[in-house]
Amino acid sequence: RKVTSPLHRFARSAEEVAKGNFNAPLPDIKDDDEIRLLHDSFGNMQQSLSQYIDELKTTTAQKSAIESELFVARRIQMSMLRTDIPKCPDLEIYATLTPAKAVGGDLYDFFLLDHYLYFCIGDVAGKGVPAALVMTTVCGAFRLLSESESEPVHIVSRMNDMIIRNNSMTLFVTFFAGVLDLNTGHLRYCNAGHKAPLVNGQSLPVERNLPIGAMPDWTFKAQETDLAPGSTLLLYTDGLDEAEDAGHRLFGKERIIEVIETANPQPRALIERMTQAVGDFVGDTEQSDDLTMLALQWKK
């Protein structure tokens, strides 16, 4: 009875601890024997559990606060992206952006000015909050400079100067900017290290140039072409062609072209079909990079 009685009381204390009462009183042990050793060990366990739970509550609260802040940041970032579709009988345009994390570094923009369509797409090197900060700077710079510059090469050159002056994180941005004359289909554009857009499934000839923010005073090259009536131009970031399935195979440019050749050429239908195709390809594999697509069709 002398041995088992404290054990029964220890058992009741253990039941209280199991219920979450880590301050449950332990039986009073006066003898200096194995029961005393059990008492001290049990007391240390209570103290460790209590401390662990307090730290877990603090960590959970901090994580919840960070997630809440990232959620707000995501809403702010997504609100910066153009969602209002220009009403123009000679143009259809549609774009989507799916970040790999709460916030990302991909971007796109488009707007009408007189009978010209200004548009761009970009991909900041890196992910998360630093990339998102640079993304907001690039978006703002494109809109600001486009109000006074009509040549894409001048817009890109001035953006390069602005980003380098204010880029303390030394992140660069692959970027493509274009200005389309909706009366004639004449397209002026400048590529800054970005992937070549596709016109009806064919690569648009582009000078590779360096990305924005990579080198000061870089001389970017201007290019131009004429779109045929009904042409569809697809711009995308590497989250599309470099999307991986469970076996680490890439979606690839060939599959992009296959989708273009079989899908409805209207921008929204094309992007929705491309999104479905890449989703079917990767399956349940976690998205590893931001995915952005912009498609436009000139109908003149």
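Start this tour of a predicted model at helix 4, residues 152-166: what covers its buried residues includes strand 3 (116-124), helix 3 (128-146), strand 4 (173-181) and strand 5 (186-192).

**Stop 1: helix 4**

Select residues 152-166. Helix 4 has 15 residues and spans 21 Å from first C-alpha to last, close to the 21 Å expected at 1.5 Å a residue. Now colour Pro152, Val153, Ile155, Val156, Met159, Asn160 and Ile163, which are the buried positions of this helix. Look down the axis of helix 4: the buried residues fall within an arc of 155°, so they line one face of the helix. The spacing follows from helix geometry: an α-helix has 3.6 residues a turn, so residues three or four places apart point the same way.

**Stop 2: Ala214, beside helix 4**

Keep Asn160 displayed and add Ala214, which sits in the loop between strand 7 and strand 8 (223-226). Ala214 touches Asn160 and Phe172, leaving out residues up to four places away in sequence. Measure from Ala214 to Ile164: the two are 50 residues apart in sequence, and their C-alpha atoms are 7.6 Å apart in space. Is Ala214 buried or partly exposed? Ala214 is partly exposed, because its relative accessible area is 42% and the partly exposed class runs between 20% and 50%.

**Stop 3: strand 4 and its partners**

Select residues 173-181, which make up strand 4. Nine of the nine residues in strand 4 are buried. Show the side chains: Val173, Phe175, Ala177, Val179 and Asp181 point one way, Thr174, Phe176, Gly178 and Leu180 point the other way, and all are buried. In a regular strand the side chains alternate between the two faces of the sheet.

Next, add strand 3, which pairs with strand 4 in the antiparallel sense over nine bridges. To check the register, find Tyr118 and its bridge partner in strand 4, Val179.

Then add strand 5, which runs antiparallel to strand 4 and is joined to it by five bridges. Here Ala177 stands opposite Cys190 of strand 5. Follow the chain through the hairpin of strand 4 and strand 5: there are four residues between the strands, and Gly185 takes a positive phi near 80°.

**Stop 4: aromatic rings**

Tyr118 leads on to the ring pairs. The count of aromatic pairs comes to seven. Select Phe111 and Tyr118, a stacked pair with 5.1 Å from centre to centre and 0° between the planes. Phe111 and Tyr118 are both buried. Add Phe142 and Phe175 to the selection: ring pairs link these two with Phe111 and Tyr118 into a cluster.

Move to Phe251 and Phe281 for another geometry. Their ring centres are 5.5 Å apart and their planes lie at 70°, so this pair is edge-to-face. Phe251 lies in the loop between helix 5 (238-241) and helix 6 (252-262) and Phe281 in helix 7, so the pair ties together parts that are 30 residues apart in sequence. Phe251 is buried, as is Phe281.

**Stop 5: the five-stranded sheet**

Which order do the strands of the open sheet of five strands take? The order is 1-10-9-6-7, with antiparallel pairing. Select strand 1 (91-98) and strand 7 (202-203) to see the edge strands, each of which pairs on one side only.

Inside this sheet, strand 9 (residues 232-236) pairs with strand 10 (residues 291-298) in the antiparallel sense over five bridges. Leu233 stands opposite Leu296 of strand 10. Add helix 7 (residues 267-282), which packs on the sheet and touches strand 1, strand 9 and strand 10. The direction of helix 7 makes about 150° with that of strand 10.

**Stop 6: Asp289**

Where does Asp289 lie? Asp289 is in the loop between helix 7 and strand 10. Its relative accessible area is 16%, and Asp289 is buried, because buried means under 20%. Display what is around Asp289: leaving aside neighbours within four places in sequence, it is in contact with Thr98, Ala100, Lys127, Asp238 and Gly239.

**Last view: the whole chain**

Zoom out. The protein chain has seven helices and ten strands. Of its 300 residues, 43% are buried. Among contacts with a separation of 6 or more, 69% are between residues 24 or more positions apart.

Terms used. Residues numbered from 1 in each chain as written. Heavy atoms only, no water. Helix = DSSP H or I, 4+ residues; strand = E, 2+ residues; numbered from the N terminus. Expected span 1.5 Å × (residues − 1). Buried < 20%, exposed > 50% of the residue type's maximum accessible area, 1.4 Å probe, protein only. Arc of directions from axis to C-beta. Contact = heavy atoms within 4.5 Å. Pairing = 2+ DSSP bridges. Axes fitted to C-alpha atoms, helices over the stretch in contact; angles between N-to-C directions. Phe/Tyr/Trp six-rings, centres within 6.5 Å; stacked < 30°, edge-to-face > 60°.
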